[in-house]
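Open your viewer and get ready to click through a few stops. At each one, select the residues named and look around them.

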Amino acid sequence: MSPVPQKHAATGAPASPTRNGPEAAPANGGAPRRRAGRRLPESRFADWALPISLVVLLVAAWQALVSFGGVEEYVLPAPGDVVAKMFGDFGVFAEQSVPTIIAIFVGFALAVAIALPIAVAMVYSGVVRRAVYPLLIIAQVVPKVAIAPLFIIWFGFGQLPKILMVALICFFPVVIDSLVGFKAARPESLMLVRSMGATRWQAFWKIRWPWALPSIFAGVKVGITLAVVGAVVAEFVGADTGLGVLLITARGDMDSLTVFASIAWLTVIGFVLFVMVEVLERLLVPGRKSGRAFEASGSL
């Protein structure tokens, strides 16, 4: 015999499940829905422990190859020697990092400042989209290394060619992902706010912008990593300062230790910039919600 459900003392209605329970049975008889909660500490620990363990394993294999594989130092220096070089010549690497980082930041900011308005214009104007989109594809498929010498001829040596090269490399992923994000907004949501008297730009800020933020940050994260590549490519072709110049000089001197140390510095810079974008995304996109979650949370 099934148990008789208890009734509310005042109304006589069946008592509802307690809100403090771990699960709540749905009305349609489906599977119980789990309450949303914070991530377990074990999961957060795994997010860091697994990649760190893999890096340690790769470094250990590298060290073993150098120590027991008979590899000469000028071919493949030991990881400990590379780290010692990075901090032993810290002043030199820090000084050469400044112009590279400046070119990365300024060029990347220029790319984002140009890409977002173009993406918005392509969303609201079919003429602009049909006219600009083929040009974006052409600009992307042209090898950037082939364009870098032209920047040197047109703008000379210094920071400007590096900034333009960084902006050119970062521009495409930012504008394409932004365009995808802006176009992904639900048409019924846009019609709803327009029917409530919102202007086109109010609908943009209430619907399209929050919906597109995850896609925009996806392009920004790709762009910030490519920014390091753009700065180094420009320094390879023609520059008087920067980590790329230091790397080229060390390669000419067959100084593989400085080459590896320069690569390690560039890797650290790229990783730090990526983490900065991740932090900014967590601040602007709480929980990395999609546009549908923004609507469900009442941010319309």
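Start by selecting K221: it counts as buried because its relative accessibility is 15%, where buried means under 20% relative accessible area, exposed over 50% and partly exposed in between (1.4 Å probe, protein chains only). Before moving on, note that this is a predicted model, in which local features need pLDDT of at least 70 and side-chain atom pairs count only at pLDDT 80 or more, while totals for chains, interfaces and linings use all residues. Residues are numbered from 1 along each chain as its sequence is written, and side-chain values use heavy atoms, with hydrogens and water left out.

**Around K221**

Now show the neighbours of K221. Not counting residues up to four places away in sequence, K221 touches F274, V277, E278 and E281; contact means heavy atoms within 4.5 Å. Which side chain joins that of K221 in a polar contact of 3.1 Å? Select E281 to see the partner. (A polar contact is a pair of N or O atoms within 3.5 Å; within protein, one must be able to donate a hydrogen and the other to accept it, and residues adjacent in sequence count only if both atoms are side-chain atoms.)

**Along helix 8**

Next, select residues 200–237, which form helix 8, the home of K221. Helices (H or I, at least four residues) are DSSP runs, numbered from the N terminus. Stop at L213, shortly before the proline P214, to find a kink of about 45°; the bend is the angle between axes fitted to the seven residues ending there and the seven starting there. The end C-alpha atoms of this 38-residue helix are only 46 Å apart, whereas a straight helix would reach 56 Å at 1.5 Å a residue. That expected span is 1.5 Å times one less than the number of residues.

**Into helix 6**

Select S178 in helix 6. S178 counts as buried because its relative accessibility is 0%. Leaving aside neighbours within four places in sequence, S178 is in contact with L116, A119 and I216. Now click F182: among its contacts beyond four places in sequence are L116, A119, I216 and W209.

**Checking confidence**

Finally, colour by pLDDT, the predictor's confidence in each residue, from 0 to 100. The chain averages 79, and 80% of the residues score at least 70. Helix 3 (residues 90–124) has the highest mean among the elements, 92, and helix 11 (residues 291–296) the lowest, 41. Select residues 289–300 too, where pLDDT stays under 50. Where pLDDT is low, the predicted coordinates should not be read in detail.

Methods: Helices (H or I, at least four residues) and strands (E, at least two) are DSSP runs, numbered from the N terminus.
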